[in-house]
Amino acid sequence: MPPQLWEVVGGVEQGGILVRQGCELSSPAEAERLSTGALIMADLSQKKEMEERLKYWLVSGTGPPCGWISMRVKGKPLVEARSPSRRLRVLALHGAPGNSNIMNFQTAGLRKMAGEDFEWSFLDGPCAWEPVPNSTQMNLAERTAIEKALAKGKPFVQWYSHPKPTGEEEGQEPAKAMSFENVVYENVEEGIKFLQTALAGLDPDIVLCYSQSGTMLAMYMDVMRKDRLVSTPVPWRLGVFFCGAMIDDPRYQLREPLPLPAVYIHGGDADPWGRHGEKMLPKMYKDWRMFEHSSGHVIPNGVEGSEIFQQVILRMYAECQDLIGPKAGQQQSS
């Protein structure tokens, strides 16, 4: 079921409408009411819209962050459907090595769940990538047959690069080779110039990154802030980062957190960069929220993925709430 937004229009005299912990009317009521004027999103796990009862997540306003409400009482609506005034623009940036075709595949579950309120665009990184012979490291090894098929003939690229490993480093096991000290990035300026040009014509509301692109975006935003390349510190509203996204080269690390609201999702102990990002991301962003799954260095799917996607979509709406108004063809209640 795609997301549906609702505004609470009932409960004016009562200070909001009643929220219950479960679907049944006999379920315990929450102490706090859901405020009149609150914007809510229907829970995406509901197979179909229920006629009288709705499980919601709070987008804006006051009240319990989630719960069950009645949609009408004695024929009078308590909520009215709302929708964005335009499709919300999401720019999706791939990991390294990768490309836009692979990122399109990786985000398919999220995009389907998000529905028609969102418009997606993709970019390909500017730096060439070549595998290191016999390497077993995730970002250096030869790509699998499945990855090559998903690439659909596009070359594998990256947003910046690293110095070529020495022979000794190439022979190490991934666990031993994974170090977050003395990391060196190359071609960063090329990536920054590329993003500066590409983003000027896209005007995204949300930028969603996988792995290395999240690091590149943070370095770019820091340059924007220092050089005042734009009139506002960050011209989009939300950053969503799946895996990676921390800056390990000391030359590019942030001196102060970025003002962009951020959602960070990592793959737990199965993600080589997961716990590192868990420590680093709160230092990089003033307003952040973190989620964890168990699938490793990937954009999750299945039940875990759906639960996280729902929270990501909720936050995307929350950061764009000023663009949400009456549903087309529907008049707002007086």
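**Sheet, cores and a buried glycine**

Glutamate 7 sits across from glutamate 80 of strand 7. The two strands around this pair, strand 1 (residues 5–8) and strand 7 (residues 79–84), run antiparallel and are held in register by four bridges. This is a predicted model, with a mean pLDDT of 90 for the chain and 90% of the residues at 70 or more. One stretch to treat with care is 173–177, where pLDDT stays under 50; for these residues the model has three contacts beyond four places in sequence.

Back to the strands. Strands 1 and 7 belong to an open sheet of six, ordered 4-3-2-1-7-16 with antiparallel pairing. At the edges stand strand 4 and strand 16 (324–326); each has a single partner strand, so one side of each has no neighbour in the sheet. From one strand to the next, the twist averages 50°. Helix 9 (residues 302–319) lies across five of the strands, namely strand 1, strand 2 (39–42), strand 3, strand 7 and strand 16, and makes an angle of about 55° with strand 3.

Between strand 3 (53–60) and strand 4 (66–70) comes a loop, and glycine 63 is found there. Is this glycine buried or exposed? With a relative accessibility of 15%, glycine 63 counts as buried, because the cut-off for that label is under 20%. Leaving aside residues up to four places away in sequence, glycine 63 touches Glu32, Arg33, Leu34 and Leu58. Glutamate 30, 33 residues away in sequence, has its C-alpha 9.1 Å from that of glycine 63.

Now for the nonpolar interior. In soluble globular proteins, nonpolar side chains tend to be buried together. Here the largest nonpolar core has 38 residues, and the members touching the most others are Met221, Trp236 and Tyr285. At least two residues apiece come from strand 8 (88–93), helix 6 (188–200), strand 12 (206–210), helix 7 (212–227), strand 14 (262–266) and helix 8 (274–284). Helix 7 gives the largest share, seven residues. As for methionine 221, its contacts are Val234, Trp236, Leu258, Leu260 and Tyr285, not counting residues up to four places away in sequence; two of the names in that list, Trp236 and Tyr285, also figure among the core members touching the most others. A second core, separate from this one, has 37 residues, among them Leu39, Met103, Leu238 and Phe291.

Key. Residues numbered from 1 in each chain as written. Predicted model: local features only at pLDDT ≥ 70, side-chain atom pairs only at ≥ 80, totals over all residues. Heavy atoms only, no water. Core = buried A, V, L, I, M, F, W, Y, C linked by side-chain atoms within 4.5 Å. Buried < 20%, exposed > 50% of the residue type's maximum accessible area, 1.4 Å probe, protein only. Contact = heavy atoms within 4.5 Å. pLDDT = per-residue confidence, 0-100. Pairing = 2+ DSSP bridges. Axes fitted to C-alpha atoms, helices over the stretch in contact; angles between N-to-C directions.
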